[in-house]
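Work through the exercises below with the model open. Each task is followed by a solution in steps.

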Amino acid sequence: MHQPSPDPFLRLEGVSKRYAGGALRAVDDVSIDIRRGEFLSLLGPSGSGKTTTLMMIAGFELPSDGRIVLSGRDIVGIPAHRRNFGMVFQNYALFPHMTVFDNVAYPLRLRKLAPDAIAETVGRYLEMVGLTSYADRRPNALSGGQQQRVALARALVFDPAVVLMDEPLGALDKNLREQLQFEIKALQRKLGITLIYVTHDQSEAMTMSDRIAVFNAGHIEQIAAPIEIYRRPATRFVGEFVGESNMFEATVSDPQAGVVSTAIGPVRAAAPLDCARDAPVLAMIRPELIRPADAPPADNGTTLTVASIVHFGDRVAVEGSTADGHTVRLRLSDREAAALAPGADLAVSWRPDDVHLLVP
Amino acid sequence: MTGGSAWSRGAPLLPRLLAVAVAAFVLLPMLLVVVMSFGEGTSLRFPPSAFTLDSYAAYVTRPDWMQPTLNSFVIALASAAITLLVTTPAAFAFALFDFPGKRLVRLMIMMPLMVPFIVMALAYFFFFGRTGLLNTMTGVVIAHACLSVPIVFLIQSANLKSFDWTLMRASASCGAGPLTSFRHVALPLLRPSFLVAGLFAFITSFDETVIALFISGRAASTLPRRMFESVRQESDPVVAVVSTLLFVVVVVAALAVAWRQSRKQ
């Protein structure tokens, strides 16, 4: 199994894309180092610049500024068809007038491989995506999931330097999406592919990626491993976009003890703070880290009035409000929530380890 | 919902009668011509006194009918070819790029559709008279091509609008340059609609009478012009034969298109 190598393989240096004579910045000064064999997700809401960034890497859009460097060579001037990058599109983009075999063979025929080498390679990749018996079908005779597997084989078959995927599972239903997430991740690991994956689905990015670049309004808010993004979001946007969160505006009251004061009382973090007294910060606590308690402690806890209870089956989403009307969200197990009813009082607490403080 | 199911559910009587009346109103004059084409004698008459195929034989043997038929085919083919050569790149340019003056250029392409035929006919008559193209096939080909450019441009633009341009990007990502992508992806997928566009150009020319009357002359006489003269001057029953043949061709073509579409679904 391949591990991502530490040296940068593909590098974006200050890449920008402006439209309408420079007035509109779709992508604003984006820099990323992508390692060989890495699975990098570009995650963000629609219009955040992630797809434009991918299209610039692919060569379908020209950056207004900045360099895109592959193995030390600037590729901005190289047209898409000479970059040797595989690409998977959301709407599959299979050639409807070709069979499954011919679709996958297309990149190899363009590279003038011998017919028997083509047959052997295409056969191998169709087997990898489990479509050996569909080789003679036309794309429109296949289901959406099967079509996207063909597109996957077509994007991988010519051993591309980088594979780019633009919301490849966006058109599929939930179960199929999860299955294909698993298959794509397995293929990427097995073949050691450098993969850049655009998605707006945070759970997809969380489960598949080595690292996630979170996009917002044309720039990158944070690039980090998924669990790092979840545990220690760098900005308020990241904390609220990835997963659910309780975010409280706070002021530092004791930097050495790591205590800040918030609308729900004093909150104590595990580590001392590198901030001046009275500096404004944000205190974030994930809903699943807030636990029911026998009695609220002096800090890191409060008493809530339960406002709503929503059952998801495997977990229960509880919303409560403090005495002065601040909302706090919790995730409880079915058993923990069994005794709760709207209007009931609920004492809660959390550990200092679970408090994440960020400077807005 | 199809027409058949409406009938079987018992549509009210009045709409049924109306439908039959409209169909009869449209079809009967044409059927009249079909019957006359089998008539005996040397002039058009209804009802015919006896039925023969003499007029059909006359049509295929008389050079004064065969020559205009051939002329019409040559002119229609040539003007269809020119039309496609002009409209295809234009439609691609309009679909893919924004450029200054785009709306003005589109308006100019559409112009022949708005100018009355008779005005164009007169314009060509005087212009070709000065340039020596009057009474030549070349002149008719050019005039007919101008006439079909707006129609075919509209058809080609609609074709390209429904074309999935992501396929061209997919082709590029596979390693194909723009021309290779056009040859392997765009052309095979667009060929049927290109053929339909060409057919429209062909019919526009083949069917056109006003301009042909003004500029085709005796040497380059087209079939519609010959038919017009025949009716006015000789009342030759061959004209009914030609009409019948054209009618049959159109019906067969329409049925073929309908069959193809039903098979697609």
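**Exercise 1. Classify Thr52(A) as buried or exposed, then list what it touches.**

Step 1. Take the relative accessible area of Thr52(A), which is 17%. Step 2. Apply the cut-offs: buried is under 20% relative accessible area, exposed is over 50%, and partly exposed lies in between (1.4 Å probe, protein chains only). Thr52(A) is therefore buried. Step 3. Place the residue: Thr52(A) sits in helix H1 (residues 50-58) of chain A. Helices are DSSP runs of H or I with at least four residues, strands are E runs of at least two, and both are numbered from the N terminus. Step 4. Collect contacts, meaning heavy atoms within 4.5 Å. Leaving out residues up to four places away in sequence, Thr52(A) touches Lys17(A), Tyr19(A), Ala26(A) and Val27(A).

Two notes on the conventions. The model is predicted, with local features needing pLDDT of at least 70 and side-chain atom pairs counting only at pLDDT 80 or more, while totals for chains, interfaces and linings use all residues. Residues are numbered from 1 along each chain as its sequence is written, chains are lettered from A and ligands numbered from 1 in the order in which they are written, and side-chain values use heavy atoms, with hydrogens and water left out.

**Exercise 2. Describe chain A as a whole: which elements, what box, what buried share?**

Step 1. Count elements: chain A has 9 helices and 20 strands. Step 2. Box the C-alpha atoms along the principal axes; the result is roughly 75 × 45 × 40 Å. Step 3. Of the 360 residues in chain A, 51% are buried. Step 4. Take the contacts in chain A with a separation of 6 or more: 67% of them join residues 24 or more positions apart.

**Exercise 3. Find where Ser71(A) and Lys112(A) lie, and give their phi values.**

Step 1. Recall the background: most residues other than glycine have a negative phi. Step 2. Read Ser71(A): its phi is near 45°, a positive value. Ser71(A) lies in the loop between strand S4 (65-70) and strand S5 (73-74) of chain A. Its relative accessible area is 51%, so Ser71(A) is exposed. Step 3. Read Lys112(A): phi is near 60°, also positive. Lys112(A) belongs to the loop between H2 and helix H3 (115-128) of chain A. At 72% relative accessibility, Lys112(A) counts as exposed.

**Exercise 4. Trace three salt bridges and say which elements they link.**

Step 1. Fix the rule: a side-chain nitrogen of Lys or Arg within 4 Å of a carboxyl oxygen of Asp or Glu. The count over all chains is 29.

Step 2. Asp299(A) pairs with Arg268(A) at 3.0 Å, N to O. Asp299(A) is in the loop between strand S15 (291-292) and strand S16 (301-311) of chain A, and Arg268(A) is in strand S13 (residues 265-268), so the pair ties together parts 31 residues apart in sequence. Arg268(A) is partly exposed at 31%.

Step 3. Glu336(A) pairs with Arg291(A), the closest N and O atoms being 2.2 Å apart. Glu336(A) is in helix H9 (residues 334-337) and Arg291(A) is in strand S15 of chain A, so this pair ties parts 45 residues apart. Glu336(A) is partly exposed at 34%. Arg291(A) is partly exposed at 29%.

Step 4. Asp64(B) pairs with Arg226(B), with closest N and O atoms 2.7 Å apart. Asp64(B) is in helix H4 of chain B and Arg226(B) in helix H11 (residues 223-234) of chain B, 162 residues apart. Asp64(B) is partly exposed at 34%, whereas Arg226(B) is buried at 6%.

**Exercise 5. How much area is buried between chain A and chain B, and how many salt bridges are there?**

Step 1. Define buried area: the accessible area (1.4 Å probe) that two parts lose on being put together, summed over both. The value is about 1,600 Å², and carbon and sulfur atoms give 69% of it. Step 2. Count salt bridges between chain A and chain B: 0. Step 3. Count residues in the contact: 20 from chain A and 19 from chain B.
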